[in-house]
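Subject: Structure for you to take over

Hello,

Here is the structure I said I would pass on. My notes on it come after the structure itself.

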Amino acid sequence: MLTIPQLIQTREISPYLYESLTRIVGALNSLAARVGVDAAPAPQAPPGASLPAPAPPALIAVTGANGAFRIALAASPGSTSAVLYFLEAATAPDFGASDTTAYPLGSALATNLALGNVTAYFRARAKYPDSGFSPYVIFGGSTPTAVSGGAVGSSGLAQNVPLNSTNSATVDSVDAGSSVTMRIYGPGGLGSAWQRFSGQGTDTFPAGSITGLAYSAPYYVVWTGSAYLAYTQQSEAMHDSYVFVGRPTTVASGGSGGAPGGGGSSGGGNGGRFLD
Amino acid sequence: MPSRIIAKTFSVHTGALHVTIEDDLGARTVHTIHVLEPDGTEADVSSIIAAALVQSDHRAARLRAAFRRHGWSG
């Protein structure tokens, strides 16, 4: 901080000069506080630490869910806007150098870290651009608290990702003369909508049909979002946007044989995940 | 015929015509008609769509009858 002891004597020479110099000193010190670098450090100040370190962040709060941690700090008491925050995450409570990762937050007081379903310990500290570090504030205090990132649940994923699902669709087929027509419908009978049940809730899809299919052939039937398609190869039906409906086998010429697909009115069957 | 066609899209990718039909109750069905397959002549496509419209009407009529029987509106 700049102080000019002789400044007071200039008042007797010229009040205008005194006033001008006072304003310059004030502006310089104000700027130094906001930038975080002392323009006139004390002679005994070590290099790179012209300012005293700020107080540690007043608080650290950490929560983990869906494979991500949310960390919020409270500002260092008495600090200026130049203060910088540094977060550290460790896999062990002793914060050893080899298992600790530092995340510079800049002037931000909150961040999200997507580290996955791991257990981690957190602490934070602060500094000015030209000061040493403050002491740490540790989540949990002297006994660091472990935080789990948590597994990512179905609701945290994109559509069609849930692994457990079934539906109320019935996918059967009839002989259309020279080929097979497949019919997709719900528990209300032909033309009624069907539903898919999963960890993301219940989705409703319209009834429909597919014509021109082969006799006595197994198909993978999907809803593309606007239409029904029947594939003979499972690998063709893997697009993320496809909703699996069922795996029926079409009837033989004359309408005999075949096997319906879908979960049927009670779910189950082959209305869930792809089955061979 | 109260049921109507509200969308008709030909997919170059699948070689199929996707026809969306809506009945007068607002329920929709989607029919994938393989126009490049053995039953894919123009006449066959028309008859498939006509049959789908009749089926849609029939189902809506049955639903409406059920509504009336139970004293619901519809």
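What follows goes through the two chains, some of their parts, and the place where they touch.

Please keep in mind that this is a predicted model. Its scores are ipTM 0.73 and pTM 0.60. For chain B the mean pLDDT is 83, and 86% of the residues score at least 70. Within chain B, the element with the highest mean pLDDT is strand β2 (residues 16-22), at 91, and the element with the lowest is helix α1 (residues 42-69), at 86.

**The two chains**

Chain A has 276 residues, of which 33% are buried. Two helices and 17 strands are found in chain A. Of the contacts in chain A between residues at least 6 apart in sequence, 61% join residues at least 24 apart.

Chain B has 74 residues, and 30% of them are buried. Chain B contains one helix and three strands, and along the sequence they come in the pattern β-β-β-α. In chain B, residues 24 or more positions apart make up 34% of the contacts with a separation of 6 or more.

**Helix α2 of chain A**

Helix α2 of chain A covers residues 15-35. At 1.5 Å a residue, its 21 residues should span 30 Å, and the end C-alpha atoms are 30 Å apart, so the two values agree. How many of the 21 residues of α2(A) are buried? The count is one, so to speak of α2(A) as hardly covered is fair by the cut-off of 20 or more other C-beta atoms within 10 Å. Just after α2(A) comes A:Gly36, with a positive phi of about 85°.

**The sheet β1-β2-β5 of chain A**

Three strands of chain A form an open sheet in the order β1-β2-β5, with antiparallel pairing. The edges are β1 and β5 (110-113) of chain A; each has a single partner strand, so one side of each is left without a neighbour in the sheet. From one strand to the next, the twist averages 15°.

Strand β1 of chain A (residues 59-65) pairs with strand β2 of chain A (residues 68-74). Seven bridges hold this antiparallel pair, and one of the matches is A:Gly64 with A:Phe69 in β2(A). The two strands form a hairpin with two residues between them. In the turn, A:Asn66 has a positive phi of about 55°.

On the other side of the pairing, β2(A) is joined to β5(A) by four bridges, and these strands run antiparallel. Here A:Arg70 stands opposite A:Asn112 in β5(A).

Which residues of β1(A) point to the buried face? They are A:Ile60, A:Val62 and A:Gly64. A:Leu59, A:Ala61, A:Thr63 and A:Ala65 point to the other face and are not buried. As a general point, side chains in a regular strand alternate between the two faces of the sheet.

**The sheet β16-β15-β17 of chain A**

Another open sheet of three strands in chain A has the order β16-β15-β17, and its pairing is antiparallel. Its edge strands are β16 and β17 (243-246) of chain A; each has a single partner strand, so one side of each has no neighbour in the sheet. The twist in this sheet averages 35° from one strand to the next.

Strand β15 of chain A (residues 220-223) is joined to β17(A) by three bridges, and the two run antiparallel. A:Trp223 has A:Val243 in β17(A) as its bridge partner.

**Where the chains touch**

Across the interface, 18 residues of chain A are in contact with 19 residues of chain B. On the side of chain A, the elements that give two or more residues are β14 (207-213) and β16 (228-231). β14(A) gives the largest share, six residues. What kinds of residue make up this side of chain A? Nine are nonpolar, nine are polar and none is charged.

β14(A) also pairs with a strand of the other chain: four bridges join β14(A) to strand β3 of chain B (residues 28-34), and the two run parallel. In this pair, A:Gly208 stands opposite B:Val30 in β3(B).

That is what I have on this structure; it is yours from here.

Regards

Methods. Residues are numbered from 1 along each chain as its sequence is written. Chains are lettered from A and ligands numbered from 1 in the order in which they are written. This is a predicted model: local features need pLDDT of at least 70, side-chain atom pairs count only at pLDDT 80 or more; totals for chains, interfaces and linings use all residues. Two residues are in contact if their C-beta atoms, placed from the backbone, lie within 7 Å. Ala, Val, Leu, Ile, Met, Phe, Trp, Tyr, Cys and Pro count as nonpolar, Asp, Glu, Lys and Arg as charged, and the others, Gly among them, as polar. Two strands pair if DSSP finds at least two bridges between them. A residue is buried if 20 or more other C-beta atoms lie within 10 Å of its own, exposed if 12 or fewer, and partly exposed in between; C-beta atoms are placed from the backbone. Axes are lines fitted to C-alpha atoms, for helices over the stretch in contact, and angles run from 0 to 180 degrees between N-to-C directions. pLDDT is the predictor's confidence in each residue, from 0 to 100. The expected span of a helix is 1.5 Å times one less than its number of residues.
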